[in-house]
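Work through the exercises below with the sequence and the model open. Try each task before reading its solution.

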Amino acid sequence: MKMIDRRTLLQGSGALLLLRSSPARAAPLPGPTDTFTDSVGVNVHISSEPYAPNFERFFDLLDKSGIRHLRDELRPSNDLARWRRLADRLGVMFNIPVSPATNTVAEMMSYLDAFGVERVSSIEGQNEGDSPWFMSLPLAKSGWSNVVVDYQRDVHRALRARYTAEQLPLLSPSVINWKPADVALLRGAAQYSDVVAIHSYVQKAQEPETTDDYAAVSWYLKNMRDAFKPGAPVMVTEAGYCNVVKPGSAGVGEVASGIYMPRMLLNNFRLGILRTYLYEFFDGGIDPNEGEHHWGLVRNDLTPKPAYDAIRNLLAILKGARRAGDNQPLRLETRSLELRHIAFEDAQGKPLLAVWRAVRCWDVAKADDIEVPTRSVGINVEGPGTELIVNRPNDGAGWERIPITDGRARIPLDGKVAIISLAA
C-alpha cells in the first residue's frame with residue numbers, strides 16, 4: 001500500500017453520497033476555556049493505516065489516554081459507524097477539515113446530517129492549500145488561494161444558513177508552517193472564519209517555550225494569526241515532534257518528546273490557545289529514515305511512547321480541574337524566566353499547581369538527550385497543611401510527599417512537569 005504523508009493525508013478525492021437525517025443540537029463555540037482537558041486534541045486518520053485494521057486497539061488506547069477531541073478529515077471512506085461509536089461511547093468530539101478536493105459544500109452538509117452535528121465541535125477550512133499536492137490539482141490551476149477563499153466563503157454561507165458561530169464554529173484555512181507569506185493570499189477568507197487555525201511546529205527541535213522565529217507560539221500568532229485576522233481566537237490544529245533522530249535534524253528522541261509534549265500542551269493553554277491538536281495518535285509507518293512515519297504518540301506496532309503515558313497521566317490528574325487565579329494557597333516563592341506555572345482548582349475546590357522549567361532537554365547537534373540537573377524550587381503555602389503531594393506525569397501516577405515547614409516547601413524540578421497539591 002502506498003504510504004500517504006501528513007501533508008497529503010488530510011486531502012482526499014471522490015464524492016460523498018450520504019442519507020440525510022434531522023440535525024441535532026450543535027456543540028458550543030469554543031471560547032477561552034478554563035478547563036485544561038478540553039484544550040487537548042489529537043490528529044487521527046481513522047479510515048487509514050494503521051487505524052482502520054486496528055480500530056479496537058485504537059479505541060482502547062484513546063479511551064485510556066483521556067483525549068476527547070479528534071481532528072480527522074471529511075473523506076468518502078469515513079466509517080461513520082466507527083466515528084459515532086467514538087463519540088457516543090467515549091464522549092469524543094470531532095473537528096472536521098473539509099476540502100473542495102474531497103467534497104462539495106452540499107455533500108459536506110449531507111455528511112453533517114448523516115453523522116450528527118452534535119458530535120462535531122468545529123469545521124475547518126482547507127488544510128495547507130499551499131502544499132505542492134493541492135496546488136497540483138486541476139481545480140487549483142486558476143490559483144490555489146482563490147479556490148481556498150471561495151470554498152471557505154461557500155462553506156461559511158451554508159453553515160450560517162443553519163447554525164450560528166456559537167453552534168458550529170468554522171476554523172480558517174491553514175498554510176504550511178514555514179510559509180508565512182502565504183497567509184496574505186488567504187486574507188479574503190478572514191471574514192468567513194470564526195477561529196484561526198495554525199500549525200505551530202518547531203523547526204529545529206527546540207523546546208516548546210522557545211522564542212525562536214518559525215518555532216515560538218508568539219511568532220506563529222504574529223505571522224499566522226495576526227497577519228490573517230488580528231486578535232482572533234486560535235486553535236493549533238497541528239503541532240508535535242518527529243521521532244526520527246539524526247544529528248542536526250529537527251527530530252527529537254522519544255524520551256525528550258515525552259517531556260516536551262505535556263509542556264507544549266500546558267504552555268499553549270497558558271497562552272490562551274483554545275485547543276491544541278497533537279500530530280498525531282499513531283505513527284504512520286515503520287521506515288526508520290522516513291520522518292513522516294514517526295510523529296505519533298503510539299508506535300506503528302501499537303505500543304505507547306513515553307509521550308502517550310505522560311499525557312494520559314497529566315489528563316487524569318487534571319480531569320475536571322479548572323484554571324484559577326494566582327491568588328491561591330500554593331504559589332511560587334520566586335519568579336524567573338525559566339519557570340512556568342498554571343494554577344488550577346479541582347472539582348472540590350482543592351488547589352493544584354502545574355509548574356515546569358522551560359529548559360532544553362534535547363541536544364540537536366548530538367541528537368541525544370540532555371540530562372537536566374535538578375533545581376530546588378520554593379513553594380509558599382497559605383493556611384493549614386503539613387505536606388504537599390507532587391506528581392510528575394512523566395514518571396507515572398504515583399505521588400511524592402514533601403514536608404511543609406513554616407508555610408514553605410521545596411520541590412525538586414528537572415525538565416519535567418510537576419503537579420503539586422496539598423496532602424489530605
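**Exercise 1. Classify Asp150 by its relative accessible area, then do the same for its salt-bridge partner.**

Solution.
- Remember that this is a predicted model.
- Asp150 has a relative accessibility of 35%. Partly exposed covers the range between under 20% (buried) and over 50% (exposed). Asp150 therefore counts as partly exposed.
- The partner is Arg153, and the closest N and O atoms of the pair are 3.3 Å apart.
- Arg153 has 23% relative accessibility, so Arg153 is also partly exposed.
- Both residues sit in helix α5 (residues 144–160). They are 3 residues apart, about one turn of the helix.
- Another group to find on the model is a network: Arg57, Asp60 and Lys64 are joined by salt bridges that share partners.

**Exercise 2. How many salt bridges does the structure hold, and which parts does the pair Asp38 and Arg275 tie together?**

Solution.
- Start from the principle: side chains of opposite charge can pair when their charged atoms come close.
- The structure holds 31 salt bridges.
- In one of them, Asp38 and Arg275 bring their closest N and O atoms to 3.4 Å. The cut-off is 4 Å, so the pair qualifies.
- Asp38 lies in the segment before β1 (40–43), and Arg275 lies in strand β8 (residues 275–278). The pair therefore ties together parts that are 237 residues apart in sequence.
- Now check burial. Asp38 is partly exposed at 29%, whereas Arg275 is buried at 3%.

**Exercise 3. Are Glu73 and Arg75 buried or exposed?**

Solution.
- Glu73 forms a salt bridge with Arg75, with the closest N and O atoms 2.8 Å apart.
- Glu73 has a relative accessible area of 1% and is buried.
- Arg75 is at 9% and counts as buried.

**Exercise 4. Which residues of helix α1 are buried, and what do they pack against?**

Solution.
- Helix α1 covers residues 55–65. Its buried residues are Phe55, Phe58, Phe59, Leu61, Leu62 and Ser65.
- They pack against β2 (69–71), α2 (80–90) and α8.
- Follow Phe58. Setting aside residues up to four places away in sequence, Phe58 touches Val44, Ile46, Tyr51, Leu70, Leu86, Phe281 and Phe282.
- Phe58 belongs to the largest nonpolar core, which has 107 residues. Phe58, Leu86, Ile123, Phe281 and Leu297 have the most contacts inside that core.
- Another core lies apart from it, with 20 residues. Among them are Ala343, Val355, Val390 and Ile420.
- Just after α1, Gly66 takes a positive phi of about 85°.

**Exercise 5. Compare the span of helix α8 with the span expected for it.**

Solution.
- Helix α8 (residues 306–317) has 12 residues.
- The expected span at 1.5 Å a residue is 16 Å.
- From first C-alpha to last, α8 reaches 17 Å, close to that value.
- Its buried residues include Ala307, Tyr308, Ala310 and Ile311. Asn313, Leu314, Leu315 and Ile317 are buried too.

**Exercise 6. Which strands pair with β11, and in what sense?**

Solution.
- Strand β11 (residues 339–345) is mostly covered, with 6 of its 7 residues buried.
- Strand β9 (residues 322–323) pairs with β11 in the antiparallel sense, over 2 bridges. Here Arg322 stands opposite Glu345 in β11.
- Strand β12 (residues 351–357) also pairs with β11 in the antiparallel sense, over 7 bridges. Ile342 has Ala354 in β12 as its bridge partner.
- The hairpin of β11 and β12 has 5 residues between the strands. In that hairpin, Gly349 takes a positive phi near 85°.

**Exercise 7. Why do β10 and β18 each have one side left without a neighbour in the sheet?**

Solution.
- Write out the order first: β10-β15-β18, an open sheet of 3 strands with antiparallel pairing.
- β10 (330–332) and β18 (408–413) stand at the edges. Each has a single partner strand, so one side of each has no neighbour in the sheet.
- From one strand to the next, the twist averages 35°.
- Check one pairing. Strand β15 (residues 375–381) runs antiparallel to β10, and 3 bridges join them.
- In β15, Asn380 is the bridge partner of Arg331.

Definitions and conventions. Residues are numbered from 1 along each chain as its sequence is written. This is a predicted model: local features need pLDDT of at least 70, side-chain atom pairs count only at pLDDT 80 or more; totals for chains, interfaces and linings use all residues. Side-chain values use heavy atoms; hydrogens and water are left out. Helices (H or I, at least four residues) and strands (E, at least two) are DSSP runs, numbered from the N terminus. The expected span of a helix is 1.5 Å times one less than its number of residues. Buried means under 20% relative accessible area, exposed over 50%, partly exposed in between (1.4 Å probe, protein chains only). Two strands pair if DSSP finds at least two bridges between them. Axes are lines fitted to C-alpha atoms, for helices over the stretch in contact, and angles run from 0 to 180 degrees between N-to-C directions. A salt bridge is a side-chain nitrogen of Lys or Arg within 4 Å of a carboxyl oxygen of Asp or Glu. A nonpolar core is a set of buried Ala, Val, Leu, Ile, Met, Phe, Trp, Tyr and Cys residues joined through side-chain atoms within 4.5 Å. Contact means heavy atoms within 4.5 Å.
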